[in-house]
Amino acid sequence: MTANQSAIPPRTRTATPRRFLMCPPRHFDVTYSINPWMHPGKPVDGRLALRQWEGLRALYKELGHTVLEIDPVLGLPDMVFAANGATVIDGKVLGARFRHVERTAEGPAYLEWFQRQGYEELYWPEYINEGEGDYLVVGGRLLAGTGFRTDQRSHFEAQEFFGLPVTSLQLVNPSYYHLDTVLSVLSADEVAYYPKAFSEGSQAVLRAMFPDAIVATDEDAAVFGLNMLSDGRHVLLPTTATGLARQLAGRGFEPIGVDLTELLKAGGSVKCCTLELRD
Ligand code: ARG
């Protein structure tokens with residue numbers, strides 16, 4: 001821990017109840033490879049994946065959050081990663097348009113779910129964006145990743161649709177292809193991130209915006225530690241991200257380890273499985 005980090009006294013942390021959309025991994029598998037974590041030859045234990053996912057869902061409910069579910073579609077094995085399905089702010093739904101043909105059918109499937117639920121402001125985007133994989137809300141602004149999946153032109157589209165300022169961030173490491181694999185929002189003004197996944201320019205932007213951010217180590221980033229979910233007090237993160245858990249506890253958060261090893265075989269963890277419904 002740097003002198004700067006240890007000088008910050010822990011704040012009192014309050015959880016606010018959230019509404020999440022999740023998709024049970026009943027058809028989960030690794031049958032193609034669209035990121036460096038995916039090895040189609042390697043066996044996946046579907047039952048274990050489902051049990052681990054149910055563990056995450058149970059934890060959310062125990063913590064007082066609401067979990068809604070969308071039915072998985074046969075032939076869309078990555079649909080479990082609900083974070084990619086849309087971006088929802090103030091009840092406005094920005095649909096997702098996927099980069100790879102293997103996932104393109106998920107965009108309409110998620111948008112139809114929102115339509116059936118009675119959401120009225122739905123937007124089918126012109127440019128590729130992979131939902132909350134690359135759009136993270138912090139306070140009243142959006143942090144937006146680009147480089148591997150979301151088209152940078154989508155950032156302006158999102159800004160105009162939501163009427164919120166958007167900060168573009170350039171991702172440079174193919175193992176960390178979505179923003180939510182290397183940056184996590186902890187509260188309205190705090191984040192944790194892994195600097196090396198960003199271009200020099202974007203690192204400077206992050207330092208300027210969040211001078212007191214938690215900085216993750218190579219080890220914690222490599223186990224998808226930053227793919228965590230904070231409710232303002234509890235932070236659910238991969239059990240193996242022990243360094244991050246310590247740093248979070250030092251700031252007054254309550255880290256809770258979650259085991260999602262089967263889903264990691266597709267390159268996803270806690271946050272990837274969770275789409276926040278900001279209604
Ligand atoms: N296999 C999926 C893909 O490559 C994993 C998506 C992970 N989701 C996320 N929000 N980072 O698209």
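Let's start with Asp90, which is exposed because its count of other C-beta atoms within 10 Å is just 10, and a residue with 12 or fewer falls in the exposed class. Keep in mind that what you're looking at is a predicted model. Asp90 sits in the loop between strand 3 and strand 4. Its backbone is worth a look too: phi is positive, about 50°, even though Asp90 is not a glycine. The loop belongs to a hairpin, with two residues between strand 3 and strand 4.

Now follow the chain out of that turn into the strands themselves. Strand 3 (86-89) and strand 4 (92-95) run antiparallel to each other and share four bridges. If you want a pair to click on, take Val88, whose bridge partner in strand 4 is Val93. In a regular strand, side chains alternate between the two faces of the sheet. In strand 3 both faces are covered: Ala86 and Val88 are buried on one side, and Thr87 and Ile89 are buried on the other.

Part of the surroundings here is helix 4, which spans residues 152-162. Its buried residues are Ser154, His155, Ala158 and Phe162. They sit on the same side of helix 4, because they cover an arc of only 110° around the axis. What lies over them? The cover includes strand 3 and strand 4, along with strand 6 (135-138), strand 7 (141-146) and strand 8 (166-170).

Right after helix 4 comes Gly163, with a positive phi near 70°. Gly163 lies in the loop that leads from helix 4 to strand 8. Gly163 is exposed, since 10 other C-beta atoms lie within 10 Å. Its C-alpha is 9.3 Å from that of Arg141, although the two residues are 22 apart along the chain.

Move on to helix 2, residues 46-62. This helix has 17 residues and spans 24 Å from its first C-alpha to its last, close to the 24 Å expected at 1.5 Å a residue. Which of its residues are buried? Ala49, Gln52, Trp53, Leu56 and Tyr60 are. Looking down the axis, you'd find these buried residues within an arc of 95°, so they line one face of helix 2. The face turned away from that buried side carries the exposed residues Arg47, Gly55, Ala58, Lys61 and Glu62. Just past the end of helix 2, Gly64 has a positive phi of about 95°.

What does the buried side of helix 2 pack against? Its partners are strand 1, strand 2, strand 14 (254-258) and helix 8 (261-264). Two of those names, strand 1 and strand 2, come back in an open sheet of three strands with the order 2-1-15 and mixed pairing. Strand 2 (66-69) and strand 15 (275-276) are the edges; each has a single partner strand, so one side of each is left without a neighbour in the sheet. Strand 1 (residues 19-22) pairs with strand 15 in the antiparallel sense, over two bridges. One residue pair to look for is Leu21 with its bridge partner Leu275 in strand 15.

There's another open sheet to find, made of three strands in the order 9-10-11, and its pairing is mixed as well. Strand 9 (183-187) and strand 11 (214-215) are its edge strands, each pairing on one side only. Strand 9 and strand 10 (residues 190-193) are antiparallel and held in register by four bridges. Here Val185 stands opposite Val191 in strand 10.

A little further along is Phe224, in the loop between helix 6 (218-222) and strand 12 (229-230). Phe224 is not a glycine, yet its phi is positive, at about 65°. Is Phe224 buried or exposed? It counts as buried, because there are 27 C-beta neighbours inside 10 Å, and 20 or more is what puts a residue in that class.

Finally, turn to the ligand. It is surrounded by 16 residues, and the closest are Phe81, Gly133, His178, Gly268 and Cys272. By type, the shell divides into six nonpolar, seven polar and three charged residues.

Technical notes:
Residues are numbered from 1 along each chain as its sequence is written. This is a predicted model: local features need pLDDT of at least 70, side-chain atom pairs count only at pLDDT 80 or more; totals for chains, interfaces and linings use all residues. A residue is near a molecule or strand if its C-beta atom, placed from the backbone, lies within 6 Å of it. Ala, Val, Leu, Ile, Met, Phe, Trp, Tyr, Cys and Pro count as nonpolar, Asp, Glu, Lys and Arg as charged, and the others, Gly among them, as polar. Two strands pair if DSSP finds at least two bridges between them. The expected span of a helix is 1.5 Å times one less than its number of residues. The arc is that of the directions from the helix axis to the C-beta atoms. Two residues are in contact if their C-beta atoms, placed from the backbone, lie within 7 Å.
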